[in-house]
Amino acid sequence: MYKNILVAIDESEMSNAVLDTTLEIAEPGISDVTLLFVGREFVPSMMGVMYVPETYLKDIDMETQGRVMKMLKTYNERLKQEGIIAKEVYLQGDPAKQILQYAKDTGQEMIIIGSRGLSGVKEMLLGSVSHKVAQLANCPVFIVH
């Protein structure tokens, strides 16, 4: 039985399976669940001559954050229907680093995360958030395929 469970959510279809797994693992009235989404930061590229106003990047970030918070609320409603109370957290940065740091800082006992199913060369070139988290976490990691 796990009291503190961190659930890493993204905007893929895999997040539905991650939530289903959370419903199987979390215990109503016992487990404290955190739904975590990590957005990548928009960094203006120096490659090219195009100028992007800072306000434009902030607008995109605010739009993304609003969409993600709405998605997290929808997932949270599903958990509430099963008696599980969850909080919603939106962070920015490198997803694996942010997930690991948040889990460490908040004393998470388990991380549930989805896998896009990358393997071989694609995983080496693109990296896998779930793989990095599983290798470096200080707690059990449940990877949903």
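In the predicted model, the axes of helix 3 (residues 95-105) and helix 5 (residues 129-136) come within 9 Å of each other and cross at roughly 35 degrees. The crossing by which helix 3 passes helix 5 is right-handed. On the side of helix 3 the contact is formed by Pro 95, Ala 96, Ile 99 and Leu 100, and these residues meet Val 129, Lys 132, Val 133 and Leu 136 of helix 5. Sorted by class, the residues of this contact comprise 7 nonpolar and 1 charged, with no polar residue among them.

A second helix pair is formed by helix 1 (residues 14-25) and helix 2 (residues 54-81), which pack at an angle of about 25 degrees with their axes 11 Å apart. Because angles under 35 degrees count as roughly parallel, helix 1 and helix 2 are described as roughly parallel to each other. The crossing of helix 1 and helix 2 is right-handed. Helix 1 contributes Ser 15, Asn 16, Leu 19, Asp 20, Thr 22 and Leu 23 to the contact, while helix 2 contributes Tyr 75, Arg 78 and Leu 79. By class, the residues of the contact between helix 1 and helix 2 are divided into 4 nonpolar, 3 polar and 2 charged.

These helices belong to a protein with 5 helices and 5 strands, whose elements, read from the N terminus, follow one another as β-α-β-α-β-α-β-α-α-β. Of the 145 residues of the protein, 37% count as buried. Among the contacts in the protein with a separation of 6 or more, 78% are accounted for by residues that lie 24 or more positions apart.

The strands are arranged in an open sheet of 5 strands, in which the order is 3-2-1-4-5 and the pairing is parallel. Strand 3 (86-92) and strand 5 stand at the edges, and each has a single partner strand, so that one side of each is left without a neighbour in the sheet. Neighbouring strands of the sheet are turned against each other by 20 degrees on average, when direction is ignored. Strands of a sheet pair through backbone hydrogen bonds, and this pairing may be either parallel or antiparallel.

The individual strand pairs can be followed across the sheet. Strand 2 (residues 32-39) pairs with strand 3 in the parallel sense over 7 bridges, and within this pair Leu 35 stands opposite Glu 88 in strand 3. Helix 1 packs on the sheet, where it touches strand 1 (4-8), strand 2, strand 4 (110-114) and strand 5, and the direction of helix 1 makes about 150 degrees with that of strand 4. Helix 2 also packs on the sheet, touching strand 2 and strand 3, and the direction of helix 2 makes about 155 degrees with that of strand 3.

Strand 1 and strand 4 run parallel and are joined by 3 bridges, with Leu 6 standing opposite Ile 111 in strand 4. Strand 4 is also joined to strand 5 by 4 bridges, and these two strands likewise run parallel; here the bridge partner of Gly 114 is Val 144 in strand 5. Since 4 of the 5 residues of strand 4 are buried, this strand is largely enclosed by the rest of the structure.

In strand 5 (residues 141-144), where Phe 142 is placed, two residues were examined individually. Phe 142 has a relative accessibility of 34% and therefore counts as partly exposed. When residues up to four places away in sequence are not counted, Phe 142 touches Thr 21, Ile 25, Met 110, Ile 111, Ile 112 and Ile 113. Although Phe 142 and Met 110 are 32 residues apart along the chain, their C-alpha atoms are separated by 7.4 Å.

Val 141 also lies in strand 5, and at 23% relative accessibility this residue counts as partly exposed, because the class of buried residues is limited to values under 20%. Leaving aside its neighbours within four places in sequence, Val 141 is in contact with Ile 111, Ile 113, Val 133 and Ala 134. The C-alpha atoms of Val 141 and Val 7, which are 134 residues apart along the chain, are separated by 10.0 Å. Ile 111 and Ile 113 are thus found among the contacts of Val 141 and also among those of Phe 142.

Key. Residues are numbered from 1 along each chain as its sequence is written. This is a predicted model: local features need pLDDT of at least 70, side-chain atom pairs count only at pLDDT 80 or more; totals for chains, interfaces and linings use all residues. Side-chain values use heavy atoms; hydrogens and water are left out. Buried means under 20% relative accessible area, exposed over 50%, partly exposed in between (1.4 Å probe, protein chains only). Contact means heavy atoms within 4.5 Å. Axes are lines fitted to C-alpha atoms, for helices over the stretch in contact, and angles run from 0 to 180 degrees between N-to-C directions. Angles under 35 degrees count as roughly parallel, over 145 as roughly antiparallel, 65 to 115 as roughly perpendicular and the rest as oblique. A crossing is left-handed if the near helix is turned anticlockwise from the far one by less than a right angle, and right-handed if clockwise. Ala, Val, Leu, Ile, Met, Phe, Trp, Tyr, Cys and Pro count as nonpolar, Asp, Glu, Lys and Arg as charged, and the others, Gly among them, as polar. Two strands pair if DSSP finds at least two bridges between them.
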